[in-house]
Amino acid sequence: MSGRPKLVRNIAVVPVASGFRPYGMNHVAKKKPLFLLYEEYEALRLCDYEKYTQAEASTFINVSRPTLTRIYMSAREKIAQAFVEGRTIMIEGGKVSFDDEWYVCQSCHCFFNNPSEDEATDECPLCGSRDINQYER
Amino acid sequence: MKVAITSMGNTLNSLLDKRFARCPYFAVYDTETQSVTFVSNPAEKIEEGAGPSAVNLINSLSIKRIISGEFGLKIKFLLTELKIQLVVVKNRDETVGNLVKLLNKKYNKTIKSI
């Protein structure tokens with residue numbers, strides 16, 4: 001039996017790096033990387049970097065306040081573990097959606113994303129209108 | 001480039017199916033020839049894992065853009081990896097023919113401008 005499905009967590013800002021690596025530990029055997037979920041990164045960013053309260057952060061991510069606290073706790077535990085054990089942190093995974101991935105066309109009102117990062121989107125893929133905006137929730 | 005539209009039937013008058021993997025047909029629009037072919041979707045009646053098998057079909061037809069009403073959670077990651085663009089149309093009563101008209105207009109323009 002599987003539990004209740006998780007709510008989708010909203011991520012406002014995509015992390016600049018895909019992970020972090022310790023240095024100066026050539027003498028120690030390489031350890032397995034540790035996976036920090038996107039939602040954990042986002043919780044840490046909102047609570048510690050942007051200095052929002054946990055209740056405020058939970059509304060941004062679109063989960064309940066207690067869930068946000070659990071995500072935040074898990075993030076801190078993972079980071080502490082990585083620091084102490086000298087492990088690589090990889091930021092990936094989690095049940096998330098990114099805010100800045102979606103665009104909306106003002107002419108035909110469709111939504112679309114842009115999977116190829118190297119090309120900028122300047123027109124609607126459906127009607128070809130250039131009147132497009134970043135989608136804001 | 002090929003564009004897939006999720007469709008409830010196999011004519012241009014069919015409505016856009018608002019589900020991606022469970023639609024009975026994909027209308028495949030070719031931007032070069034501006035023609036439409038209908039492909040039936042074998043994943044429609046599968047009980048589980050309809051999403052990934054529909055993605056396989058889409059990928060094997062080398063489609064680069066999908067127009068639908070909604071996409072499941074597992075799908076977005078798969079499609080982003082394959083660099084397939086998602087287009088979400090929220091209007092429930094849109095017909096496949098209407099969307100094809102929009103695409104025709106767009107690609108006629110681009111051809112002329114070149």
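**Architecture of chains A and B in the predicted model**

Helix H1 (residues 50-60) of chain B lies across E1, E2, E3 and E4 of chain B and runs at about 25° to E2(B). Helices (H or I, at least four residues) and strands (E, at least two) are DSSP runs, numbered from the N terminus. Axes are lines fitted to C-alpha atoms, for helices over the stretch in contact, and angles run from 0 to 180 degrees between N-to-C directions. The structure is a predicted model, in which local features need pLDDT of at least 70 and side-chain atom pairs count only at pLDDT 80 or more, whereas totals for chains, interfaces and linings use all residues. Residues are numbered from 1 along each chain as its sequence is written, chains are lettered from A and ligands numbered from 1 in the order in which they are written, and side-chain values use heavy atoms, with hydrogens and water left out.

Chain B contains three helices and five strands, which follow the pattern β-β-β-α-β-α-β-α along the sequence. Of the 114 residues in chain B, 45% are buried, where buried means under 20% relative accessible area, exposed means over 50%, and partly exposed lies in between (1.4 Å probe, protein chains only). Among the contacts of chain B with a separation of 6 or more, 52% come from residues 24 or more positions apart; contact means heavy atoms within 4.5 Å. The exposed area of chain B is about 6100 Å², and carbon and sulfur atoms supply 54% of it. Accessible areas come from the Shrake-Rupley method with a 1.4 Å probe; for residues, only the protein chains shown count as cover.

Strands from both chains take part in an open sheet of eight strands, ordered E8(A)-E6(A)-E7(A)-E5(B)-E4(B)-E1(B)-E2(B)-E3(B), with mixed pairing. Its edge strands, each pairing on one side only, are strand E8 (132-134) of chain A and E3 of chain B. From one strand to the next, the twist averages 25°. Two strands pair if DSSP finds at least two bridges between them. Strands of a sheet pair through backbone hydrogen bonds, either parallel or antiparallel.

Both senses of pairing occur within chain B. Strand E1 (residues 2-7) and strand E4 (residues 65-68) of chain B pair in the parallel sense over three bridges, and B:Val3 stands opposite B:Arg65 in E4(B). E2(B) and E3(B), by contrast, pair in the antiparallel sense over six bridges; the partner of B:Phe26 in E3(B) is B:Val39. E2(B) and E3(B) form a hairpin with four residues between them, and B:Gln34 in the turn has a positive phi of about 55°. B:Gln34 is partly exposed, at 22% relative accessibility.

Most residues other than glycine have a negative phi. In chain A, A:His109 has a positive phi, near 60°. The loop that holds A:His109 joins strand E6 (102-105) and strand E7 (110-113) of chain A, and A:His109 is exposed, with a relative accessible area of 53%. A further positive phi, about 60°, is found at A:Lys51, just after H1(A).

Helix H1 (residues 38-49) of chain A has twelve residues, which should span 16 Å at 1.5 Å a residue; the end C-alpha atoms are 15 Å apart, which agrees. The expected span is 1.5 Å times one less than the number of residues in the helix. Nine of the twelve residues of H1(A) are buried, including A:Tyr38, A:Ala43 and A:Cys47. The buried residues of H1(A) pack against strand E1 (9-11), strand E3 (34-36), helix H2 (54-61), H3, strand E4 (89-91) and strand E5 (96-98) of chain A.

A:Tyr72 belongs to helix H3 (residues 65-85) of chain A and is buried, with a relative accessible area of 9%. Beyond its neighbours within four places in sequence, A:Tyr72 is in contact with A:Ala43, A:Leu44, A:Cys47, A:Asp48 and A:Gln54. A:Tyr72 and A:Glu39 are 33 residues apart in sequence, and their C-alpha atoms are 8.6 Å apart.

A search of the whole structure finds zero disulfides over all chains, a disulfide being a pair of cysteine sulfur atoms within 2.5 Å. For A:Cys105, the nearest cysteine sulfur is that of A:Cys124, 3.7 Å away; A:Cys105 is buried, with a relative accessible area of 1%. The sulfur of A:Cys110 is 3.5 Å from the closest cysteine sulfur, in A:Cys108, and therefore too far for a bond. A:Cys110 is also buried, with a relative accessible area of 0%.
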